[in-house]
Amino acid sequence: MKKSETTEDSSGQGVLQRAFAVLRVLADAKGEKLRLTDIAARTGQAQATVHRVLQGLMQEGVVEQPAQSKGYQLSVAFFSLAAAAGTHQSSLRSLYRPALLRLSGMLNDTVFLLVRSGFDAVCVDRVDGAFPVRSHTGDIGGRVPLGMGQGGLVLLASLPEAEREEVIRFNIPRLHHLGFVDEISMRVRIRECLELRYARSQGQGVFPNIAGLAVPIYDPNGVTVAALSVAAPIERINDERLPLIVEMLRREADAVGAQINPFDPALRRPSQYLGAGNGA
């Protein structure tokens, strides 16, 4: 071991920094089991040092080494700890409020932030533009079945396939009375959404004079946690303006998405975190 490592390991600060370096590497692995040599290479630490750190983290229960495996990964206890820390307040609306204001100001159109709640999409924030529009979710707190509207379609398309199939089976009967939604048309729109990485509505259905566009919002792990959507009179989301609108929505989604806490309670229980200003 290098002399500098020995000196640093003798202080609590050095040990803590090394432990967090290991935790970050394991978190970046996104569930992949990493061997000791891999962790040492990615942290720039000696293997003996990493081994001691891993043993300490395993004793605390936040890292595990599955049976018959030489790899290490974060444990369920680690994620439970993070989830517990996120139950006290929600930062989702405070993070995205400036983005919604910027988009509405630049586009002069109404912008929405939607998240999933069970089989529904819920509007957790909305900023009105200069042109009056009607939307499926209505005001903050409104909800529609996943798959309805551009925001609901983005959230549905982003689900893992098995989960998506379950939602489709449950929601198609809920939408059948509308007359313009059936399983085939929904699957076609889902395929288009997955290919384009955005959803667009062009005046179909309940509001024939209103068009919309929505993009997914990814958390730091690359998981879709919300949808950023704009609605406007149909002539304002035409083929000429479409690329610029998509670019603007994606830029704002990417800029703030990296700051989202995946354990934010508003992502799991949105109805409990509405109507309380910009915070929880």
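What follows is a chat about why certain labels apply in this predicted model.

Me: Before the labels, what counts in a predicted model like this one?
Reply: Local features need pLDDT of at least 70, side-chain atom pairs count only at pLDDT 80 or more, and totals for chains, interfaces and linings use all residues. Residues are numbered from 1 along each chain as its sequence is written, and side-chain values use heavy atoms, with hydrogens and water left out.

Me: How many helices and strands are there in the chain?
Reply: Eleven helices and nine strands. Both are DSSP runs numbered from the N terminus: H or I with at least four residues for a helix, E with at least two for a strand.

Me: What makes α3 roughly perpendicular to α4?
Reply: The axes of α3 (residues 36–43) and α4 (residues 47–59) cross at roughly 110° and come within 9 Å. That crossing makes the pair roughly perpendicular, the label for 65 to 115 degrees; under 35 is roughly parallel, over 145 roughly antiparallel, and the rest oblique. Axes here are lines fitted to C-alpha atoms, for helices over the stretch in contact, with angles from 0 to 180 degrees between N-to-C directions.

Me: Which residues of α3 and α4 meet there?
Reply: L36, T37, I39, A40 and T43 from α3 meet Q47, V50, H51 and L54 from α4. Contact means heavy atoms within 4.5 Å. The residues of that contact split into five nonpolar, four polar and no charged. Ala, Val, Leu, Ile, Met, Phe, Trp, Tyr, Cys and Pro count as nonpolar, Asp, Glu, Lys and Arg as charged, and the others, Gly among them, as polar.

Me: Why is V50 called buried?
Reply: Its relative accessibility is 0%, and buried means under 20% relative accessible area, with exposed over 50% and partly exposed in between (1.4 Å probe, protein chains only). So V50 counts as buried. V50 sits in helix α4 and, leaving aside neighbours within four places in sequence, touches L36, I39, A40, T43 and Q45. The C-alpha atoms of V50 and A40 are 6.1 Å apart, with their positions ten residues apart in sequence.

Me: Where does α4 lie relative to β2 and β3?
Reply: Helix α4 lies across β2 and β3 and runs at about 50° to β3. Those strands belong to an open antiparallel sheet of three, in the order β1-β3-β2.

Me: What makes β1 and β2 the edge strands?
Reply: Each of them, β1 (34–35) and β2 (63–64), pairs on one side only. Two strands pair if DSSP finds at least two bridges between them. β2 and β3 (residues 71–74) have two bridges, in the antiparallel sense, and V63 has L74 as its bridge partner.

Me: How do you know that β8 is largely enclosed?
Reply: Eight of the nine residues of β8 (residues 210–218) are buried, so the rest of the structure largely encloses this strand. β8 is joined to β7 (residues 199–202) by four antiparallel bridges, with A214 as the partner of A199. β8 also pairs with β9 over nine bridges, again in the antiparallel sense, and V215 has L228 as its partner there. In the hairpin of β8 and β9, five residues lie between the strands, and G222 takes a positive phi near 85°.

Me: Why is the D109 and R241 pair called a salt bridge?
Reply: A salt bridge is a side-chain nitrogen of Lys or Arg within 4 Å of a carboxyl oxygen of Asp or Glu, and this pair comes in at 3.9 Å, N to O. D109 is in the loop between α6 (92–107) and β4 (110–117) and R241 in the loop between β9 (224–233) and α10 (242–257), so the pair ties together parts 132 residues apart in sequence. D109 is buried at 1%, while R241 is partly exposed at 26%. D109, R236 and R241 are linked in a network of salt bridges.

Me: How many salt bridges does the structure hold?
Reply: Twelve. Among them, R116 and E163 meet at 2.4 Å, N to O, linking strand β4 to helix α8 (residues 161–175). Another joins D120 and R174, with the closest N and O atoms 3.0 Å apart.

Me: What makes D120 buried and R174 partly exposed?
Reply: D120 has 10% relative accessibility, so it counts as buried. R174 has a relative accessible area of 32%, so it is partly exposed.
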